[in-house]
Amino acid sequence: MVDLVIEATEYSPFVSLNSSTGIIEFSGYGKMSDAQEFFEPIHEWIKNYLISPQPLTIWVCKLKGYNNRFGYWLRNLIDILNRSLKDKGQFEVHWCYVEEDENILGVGEDLEDMLNNVKFKFIEY
């Protein structure tokens with residue numbers, strides 16, 4: 001399976017989807033106007049990854065901010081991975097935040113509450 005890397009822009013995050021390590025990484029801003037177009041290749045990659053996932057899949061979020069459309073897609077894809085990996089392996093979200101940025105920490109905690117079956121680890125960096 002081919003890994004997927006999307007370079008960051010002013011409005012979209014850096015994305016790295018690595019099938020051999022099981023690590024999905026998002027870092028930067030998610031403030032694009034067309035989140036669906038941005039997430040379509042990511043969603044397609046995830047569907048293919050779920051055919052033969054790693055024993056542990058980790059979604060690393062190092063986001064600095066995002067809009068509601070981005071958040072909708074992020075939440076849905078995390079939920080899809082969690083439900084699909086339930087019988088195939090472990091799934092964790094590593095929510096990384098800067099100490100001074102309580103807003104991003106709060107967003108991660110809210111996401112954890114919405115997705116109550118997903119294992120979150122909050123990591124200060």
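This tour visits salt bridges in a predicted model, with a selection to make at each stop.

**Background.** Side chains of opposite charge can pair when their charged atoms come close. In this model the count comes to four salt bridges; the stops below show some of them.

**Stop 1: helix α1.** Select residues 35-49, which form helix α1, and then display the side chains of K47 and E44. These two side chains meet in a salt bridge, with N and O 3.3 Å apart. Along the helix, K47 and E44 are three residues apart, about one turn. Is each partner buried or exposed? K47 counts as partly exposed because its relative accessibility is 43%, and E44 is likewise partly exposed, with a relative accessible area of 40%.

**Stop 2: K119 and E92.** Next, select K119 and E92, which form a salt bridge whose closest N and O atoms are 3.5 Å apart. K119 belongs to strand β6 (residues 119-124) and E92 to strand β5 (residues 90-97), so the pair ties together parts that are 27 residues apart in sequence. K119 is partly exposed, at 45% relative accessible area. E92 counts as buried because its relative accessibility is 7%, under the 20% limit for that class.

**Stop 3: K121.** Keep E92 in view and add K121. Here the closest N and O atoms of the salt bridge between K121 and E92 are 3.7 Å apart. This pair also links distant parts of the chain, since K121 lies in strand β6 and E92 in strand β5, 29 residues apart. K121 is partly exposed, with a relative accessible area of 35%.

**Stop 4: the network.** Finally, select E92, K119 and K121 together: these residues are linked in a network of salt bridges.

Methods
Residues are numbered from 1 along each chain as its sequence is written. This is a predicted model: local features need pLDDT of at least 70, side-chain atom pairs count only at pLDDT 80 or more; totals for chains, interfaces and linings use all residues. Side-chain values use heavy atoms; hydrogens and water are left out. Helices (H or I, at least four residues) and strands (E, at least two) are DSSP runs, numbered from the N terminus. Buried means under 20% relative accessible area, exposed over 50%, partly exposed in between (1.4 Å probe, protein chains only).
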